[in-house]
Amino acid sequence: TGKSSLKPSKQPTVKPSIKPTMQPTIEPSSTPTMESSLQPTLSPQVPTGVPSISLTPTCADEQVCALFGLFDATGGNFWTNNDGWLNYTNVCDWYGVSCSNDGVVTSIDLAENGLNGTLPGNGVWDRLSNIDTLYLEGNDIIGSLPSDLGELTSLTFLDLSYNNFENSIPSEFGSLSSLVFLDLSYNQLTGSLPTEIGNMSFLMILSIQSNDLKGRISIDGPICQLTNFQGGSLLTFNSDCSPFSVICDCCICF
């Protein structure tokens, strides 16, 4: 079965029966001039009464639409386990998806499941705003971390380790104010750790080692202020530490 047959149809299945002509209309009683025969009308008028057809995808169920977006972007046809993701049954029965009693998606656990490609951005995570757990570690996901993940303000556990994410950590991650566990280790992330991470006042475990991060994390800065010995909740802070990577005053160095 091809990939396209596994997703909800988002394109019209019937083409309009009226196609506007792209050639100039020639009156029978007149002889066309050279100019008119070489310059066809390029902006024909659609005949009145022909209904317009929208090509904008729509979804009756926001959660289904979002999860199919994740499925499509990360090669869902080739996941190790994609049980339930190929049909419209209750999303709470799909592999790796957990829900509350009223059917709201609260957890996605697709760790070590053969995901590849990039994480989707707009139109996915804002439709899954109630999830508190997102485990995608141990896959082969590439590209940038979507800044839209910062909209998941109910998230408490986020593990994106052991992938191939690159570029910088979005400052929008600082909006994940409920986060307790954050693991971004063993990727190819660059730049510095955003100071906005210091907004995660409930964070207990932070791992960023084995990336290409640079910069200084000062003992007086907002991130070190999260640590337990500074009166915060952060118990474990794992990072690379060297003059050529991260200089960290409050990390467990690798």
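**Strands, a buried serine and a pocket**

In this predicted model, strand 5 (residues 140-144) and strand 7 (residues 164-167) run parallel and are joined by three bridges. One place to find this pairing in the structure is I142, whose bridge partner in strand 7 is N164. Strand 7 also pairs with strand 9, again in the parallel sense, and here the pairing extends over two bridges. If you look for E166, you will find that it stands opposite Q188 in strand 9. As a general point to keep in mind while looking at such strands, the side chains in a regular strand alternate between the two faces of the sheet.

Just before strand 9 comes a loop, which connects strand 8 (181-183) to strand 9 (188-191) and contains S185. Is S185 buried or exposed? Its relative accessible area is 2%, and because buried means under 20%, S185 counts as buried. Leaving aside the neighbours within four places in sequence, the residues in contact with S185 are S161, Y162, S207, I208, Q209 and N211.

We can turn now from the strands to empty space, which is revealed by rolling a probe the size of a water molecule over the atoms. The second largest pocket of the model has a volume of about 150 Å³. It is lined by 13 residues, and those closest to its centre are L193, T195, R216, I217 and I223. Which element gives the most to this lining? The answer is strand 12 (residues 215-217), which contributes three residues. In chemical character, the lining of the second largest pocket is made up of six nonpolar, five polar and two charged residues.

Definitions and conventions. Residues numbered from 1 in each chain as written. Predicted model: local features only at pLDDT ≥ 70, side-chain atom pairs only at ≥ 80, totals over all residues. Heavy atoms only, no water. 1 Å grid on protein atoms, 1.4 Å probe; cavity = no way out; pocket = protein on both sides within 12 Å on 5 of 7 lines; lining within 4 Å. Points joined across faces, edges and corners; volume = space filled by probe spheres on them. Helix = DSSP H or I, 4+ residues; strand = E, 2+ residues; numbered from the N terminus. Nonpolar A, V, L, I, M, F, W, Y, C, P; charged D, E, K, R; others polar. Buried < 20%, exposed > 50% of the residue type's maximum accessible area, 1.4 Å probe, protein only. Contact = heavy atoms within 4.5 Å. Pairing = 2+ DSSP bridges.
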